[in-house]
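Work through these exercises with the model open beside you. Each task is followed by a solution in steps.

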Amino acid sequence: MGHKITWFPRILITLIGLGLIFMGMSEALLGLAGERAQGIVTDIRREGGERAEVIPGRYTYNISYIFQLPDGEEISGFTKEIDDAIFIKPDGTSKVPIRYFPGFPAINQMEKNTGLGVGQVVLIVVGCGLILIMNRKTKKRESRAKD
């Protein structure tokens, strides 16, 4: 008896794959074609507890920032970083370079996370893999009736 994948999980996993591809491509394209701006770190928060990794004392941090467009409009963004237990509280003067798309500044990222790197390639490859695995054609096997 063959097992058919129903349409809902197939669509859901395909959408997740497309999202991963979009994330990887947008980060890579921001490094190539994104405009530069100077951002100000507004908040740093530790997410959860210590990470369960080989290297002890590492945590995930949410880093929030704001930057201004040439017309004066303020845009906010955030990123995640993995670092040790020591971090500096933001005082409103810590500056970071930001990249954004002029036509859609809501897509932005700290400049150090943009460009084509290993992380972006992994996102794109995993996204493509999910789509291919969930949408490949399965060969129908002929079942033989036993006499």
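Contact here means heavy atoms within 4.5 Å. The model is a predicted one.

**Exercise 1. Place F78 and list its contacts beyond four places in sequence.**

Step 1. Find the element. F78 sits in strand β3.

Step 2. Apply the contact cut-off. Setting aside neighbours within four places in sequence, F78 is in contact with I63, S64, Y65 and Q109.

Step 3. Check one partner by backbone distance. F78 and S64 are 14 residues apart in sequence, yet their C-alpha atoms are 4.2 Å apart.

Step 4. Classify the exposure of F78. Its relative accessible area is 53%. Exposed means over 50%, so F78 is exposed.

**Exercise 2. Describe the second largest pocket: its volume, its lining and the character of that lining.**

Step 1. Take the volume. The second largest pocket holds about 400 Å³.

Step 2. Count the lining. There are 15 lining residues, and E27, F78, T79, N108 and Q109 lie nearest the centre.

Step 3. Assign the lining to elements. Two or more residues each come from α1 (7-33), β3 (74-84) and β5 (104-110). The largest share, five residues, is from α1.

Step 4. Sort by character. The lining of the second largest pocket has seven nonpolar, six polar and two charged residues.

**Exercise 3. Test whether the length of α1 agrees with the expected span of a helix, then find what its buried residues pack against.**

Step 1. Work out the expected span. Helix α1 has 27 residues; at 1.5 Å a residue, α1 should span 39 Å.

Step 2. Compare with the model. The end C-alpha atoms of α1 are 37 Å apart, which agrees.

Step 3. List the buried residues. In α1 they are T14, G17, L20, I21, G24, S26, E27, A28 and L30.

Step 4. Find their partners. The buried residues of α1 pack against β4, β5 and α2 (118-135).

**Exercise 4. Classify G31 and V118 as buried, partly exposed or exposed, and place each in the fold.**

Step 1. Start with G31. This residue is found in helix α1. Its relative accessible area is 21%. Buried means under 20%, so G31 counts as partly exposed.

Step 2. Look around G31. Apart from residues up to four places away in sequence, G31 touches R99, T114 and G115. The C-alpha atoms of G31 and N113 are separated by 8.3 Å, with their positions 82 residues apart along the chain.

Step 3. Turn to V118. This residue is in helix α2. With a relative accessible area of 67%, V118 is exposed.

Step 4. Relate V118 to α1. V118 and G24 are 94 residues apart along the chain, and their C-alpha atoms are separated by 9.8 Å.

**Exercise 5. Which residues touch the most other members of the largest nonpolar core, and which elements supply that core?**

Step 1. Name the residues. The core has 14 residues; F67, I98 and M110 touch the most other members.

Step 2. Name the elements. β1 (35-47), β2 (58-68) and β4 (95-101) each give two or more residues to this core. The largest share, five residues, comes from β2.

Step 3. Follow F67 outward. Its contacts, not counting residues up to four places away in sequence, include A37, I75, I98, Y100 and P105.

Step 4. Set this in context. In soluble globular proteins, nonpolar side chains tend to be buried together.

Terms used:
Residues numbered from 1 in each chain as written. Predicted model: local features only at pLDDT ≥ 70, side-chain atom pairs only at ≥ 80, totals over all residues. Heavy atoms only, no water. Core = buried A, V, L, I, M, F, W, Y, C linked by side-chain atoms within 4.5 Å. Buried < 20%, exposed > 50% of the residue type's maximum accessible area, 1.4 Å probe, protein only. Helix = DSSP H or I, 4+ residues; strand = E, 2+ residues; numbered from the N terminus. 1 Å grid on protein atoms, 1.4 Å probe; cavity = no way out; pocket = protein on both sides within 12 Å on 5 of 7 lines; lining within 4 Å. Points joined across faces, edges and corners; volume = space filled by probe spheres on them. Nonpolar A, V, L, I, M, F, W, Y, C, P; charged D, E, K, R; others polar. Expected span 1.5 Å × (residues − 1).
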